[in-house]
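Trainee: Please take a close look at one part of this model for me. Start with a single side chain and its partner, then work outward.

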Amino acid sequence: MINLCFLSGKIKNEIDLKFIYNQKTKSLSKKHTSIVLIDLEIEREQIIKLYAYDEIADWIYQNIQKGDSIYIQGNIKEKGIKICQTFS
């Protein structure tokens with residue numbers, strides 16, 4: 001089963017880099033250390049929830065801002081689209 005999507009749209013929220021802290025171990029998560037959450041506006045003002053981890057999250061935080069248009073490759077997950085790659 002292939003789970004791959006390509007989306008383009010406009011960023012509707014401020015990009016905020018967050019660190020993932022594991023309450024049980026009192027440390028940063030072993031699997032991922034950072035995340036960004038994005039609201040992407042596509043056709044007809046529809047909003048799609050996107051998220052990215054670690055290096056991709058860092059790159060987005062440094063290079064993308066509210067109002068920018070982006071084109072992404074991602075995977076459909078339960079909580080939104082997980083960004084695998086961005087194209088600027």
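Mentor: Begin at Lys49, which is partly exposed, with a relative accessible area of 47%. The scale is simple: buried means under 20% relative accessible area, exposed means over 50%, and partly exposed is in between, using a 1.4 Å probe and protein chains only. This is a predicted model, so local features need pLDDT of at least 70 and side-chain atom pairs count only at pLDDT 80 or more, while totals for chains, interfaces and linings use all residues. Residues are numbered from 1 along each chain as its sequence is written, and side-chain values use heavy atoms, with hydrogens and water left out.

Now the partner. Lys49 makes a salt bridge with Asp39; their closest N and O atoms are 2.8 Å apart. This pair joins distant parts of the chain, since Lys49 sits in strand E6 (residues 47-53) and Asp39 in strand E5, 10 residues away. Strands (E, at least two residues) and helices (H or I, at least four) are DSSP runs, numbered from the N terminus. A salt bridge here is a side-chain nitrogen of Lys or Arg within 4 Å of a carboxyl oxygen of Asp or Glu.

By that rule, the model has 3 salt bridges. Strand E5 (residues 34-41) also holds Glu41. Glu41 pairs with Lys12 at 3.1 Å, N to O. Lys12 lies in the loop between strand E1 (5-11) and strand E2 (17-19), so this bridge ties together parts that are 29 residues apart in sequence. The two ends differ in cover: Glu41 is buried at 17%, whereas Lys12 is partly exposed at 40%. Another bridge joins Lys18 and Asp16, at 3.7 Å from N to O. Lys18 is partly exposed at 41%. Asp16 is partly exposed too, at 40%.

Stay with E5 and E6, and look at the loop between them. Arg44 lies there, and Glu45 lies there as well. Both are worth a check of the backbone. Most residues other than glycine have a negative phi. Arg44 has a positive phi, about 55°, and is not a glycine. Glu45 also has a positive phi, near 60°, and is likewise not a glycine. Their cover is easy to state. Arg44 is exposed, with a relative accessible area of 72%. Glu45 is exposed at 66%.

Move on along the chain to helix H1 (residues 54-63), where you find Asp54. Asp54 is buried but has no salt bridge. The nearest side chain of opposite charge is that of Lys82, 8.0 Å away. In this count, Lys and Arg are positive and Asp and Glu negative; His and the chain ends are left out. What does the side chain of Asp54 reach? It reaches the backbone nitrogen of Thr33, at 2.8 Å. That is a polar contact: a pair of N or O atoms within 3.5 Å, where within protein one must be able to donate a hydrogen and the other to accept it, and residues adjacent in sequence count only if both atoms are side-chain atoms.

Helix H1 also contains Asn63. Asn63 is partly exposed, at 43%. Its side chain reaches the backbone oxygen of Trp59 at 2.9 Å. The C-alpha atoms of Asn63 and Ile15 are 9.9 Å apart, although the two residues are 48 apart along the chain.

Next, the cysteines. There are 0 disulfides in the structure, a disulfide being a pair of cysteine sulfur atoms within 2.5 Å. The sulfur of Cys5 is 8.1 Å from its closest cysteine sulfur, that of Cys84, which is too far for a bond. Cys84 is in no disulfide. Cys5 is buried at 12%, while Cys84 is partly exposed at 33%.

Last, the surface. Ile2, Leu4, Phe6, Tyr71 and Phe87 form a nonpolar patch with about 510 Å² of accessible area together. Patches are made of residues with over 30% relative accessible area and no salt bridge; like charges are joined within 9 Å and nonpolar side chains (Val, Leu, Ile, Met, Phe, Trp, Tyr) within 5 Å. The areas come from the Shrake-Rupley method with a 1.4 Å probe, and for residues only the protein chains shown count as cover. Of this patch, Phe87 lies in strand E8 (residues 80-87).
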